[in-house]
Amino acid sequence: MTLRLRAGVSTAETDYGTVLLDERGGHYWELNPTGALVVRTLLGGGAEPEAVDALIAEFDIDRAQAARDVAELVQELRASGLAA
C-alpha cells in the first residue's frame, strides 16, 4: 500500500532530510535521510517492499532491520494523523 499525506501536510527537502509540516497545527516533523528516502519512495507510488529495497540499496542495512524501520515509520505517520 502506498502512503498518502493527509490534506494540510506539506513536505520540504532540506540539507539534512525532509520536513513534514502539519499546516493545521503548525507542527513539523524532521525526517533524517533514511526516513526521507522511505517517505519519498512511498509518496512516489512505491509500496513498503520498495521502500525496504531502497533503504538496502542506499544504506548498509539488512532486510529485516529495513523492514522494521519502514513499518515503524509508516505506523508513526499514520498514528500522528499525518498520513493515511
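This is a short tour of three helices and the nonpolar core they share in a predicted model.

Start with helix α2, residues 48-58, and helix α3, residues 63-79. Their axes lie 9 Å apart, and the helices pack at an angle of about 125°. An angle in that range falls outside the limits for parallel, antiparallel and perpendicular, so α2 and α3 are oblique to each other. The crossing of α2 over α3 is right-handed.

Next, show the side chains where these two helices touch. On α2, select Glu48, Ala51, Val52, Asp53, Leu55 and Ile56. On α3, select Arg63, Ala66, Ala67, Val70, Ala71, Val74 and Arg78. Nine residues of this contact are nonpolar and four are charged, with no polar ones.

Now add α1, residues 33-43. Between α1 and α3 the angle is about 75° and the axes are 11 Å apart, which makes α1 roughly perpendicular to α3. Select Gly35, Val38, Val39 and Leu42 in α1, which meet Val70, Leu73, Val74 and Leu77 in α3. Here the contact has seven nonpolar residues, one polar and no charged ones.

Which residues have the most contacts inside the largest nonpolar core? They are Val38, Val70 and Leu77, in a core of 19 residues. Each of α1, α2 and α3 supplies at least two residues of this core, and α3 gives the most, with five.

Finish by centring on Leu77. Leaving out residues up to four places away in sequence, Leu77 touches Leu3, Leu20, Trp29, Val39, Leu82 and Ala83. In soluble globular proteins, nonpolar side chains tend to be buried together.

Terms used:
Residues are numbered from 1 along each chain as its sequence is written. This is a predicted model: local features need pLDDT of at least 70, side-chain atom pairs count only at pLDDT 80 or more; totals for chains, interfaces and linings use all residues. Side-chain values use heavy atoms; hydrogens and water are left out. Axes are lines fitted to C-alpha atoms, for helices over the stretch in contact, and angles run from 0 to 180 degrees between N-to-C directions. Helices (H or I, at least four residues) and strands (E, at least two) are DSSP runs, numbered from the N terminus. Angles under 35 degrees count as roughly parallel, over 145 as roughly antiparallel, 65 to 115 as roughly perpendicular and the rest as oblique. A crossing is left-handed if the near helix is turned anticlockwise from the far one by less than a right angle, and right-handed if clockwise. Contact means heavy atoms within 4.5 Å. Ala, Val, Leu, Ile, Met, Phe, Trp, Tyr, Cys and Pro count as nonpolar, Asp, Glu, Lys and Arg as charged, and the others, Gly among them, as polar. A nonpolar core is a set of buried Ala, Val, Leu, Ile, Met, Phe, Trp, Tyr and Cys residues joined through side-chain atoms within 4.5 Å. Buried means under 20% relative accessible area, exposed over 50%, partly exposed in between (1.4 Å probe, protein chains only).
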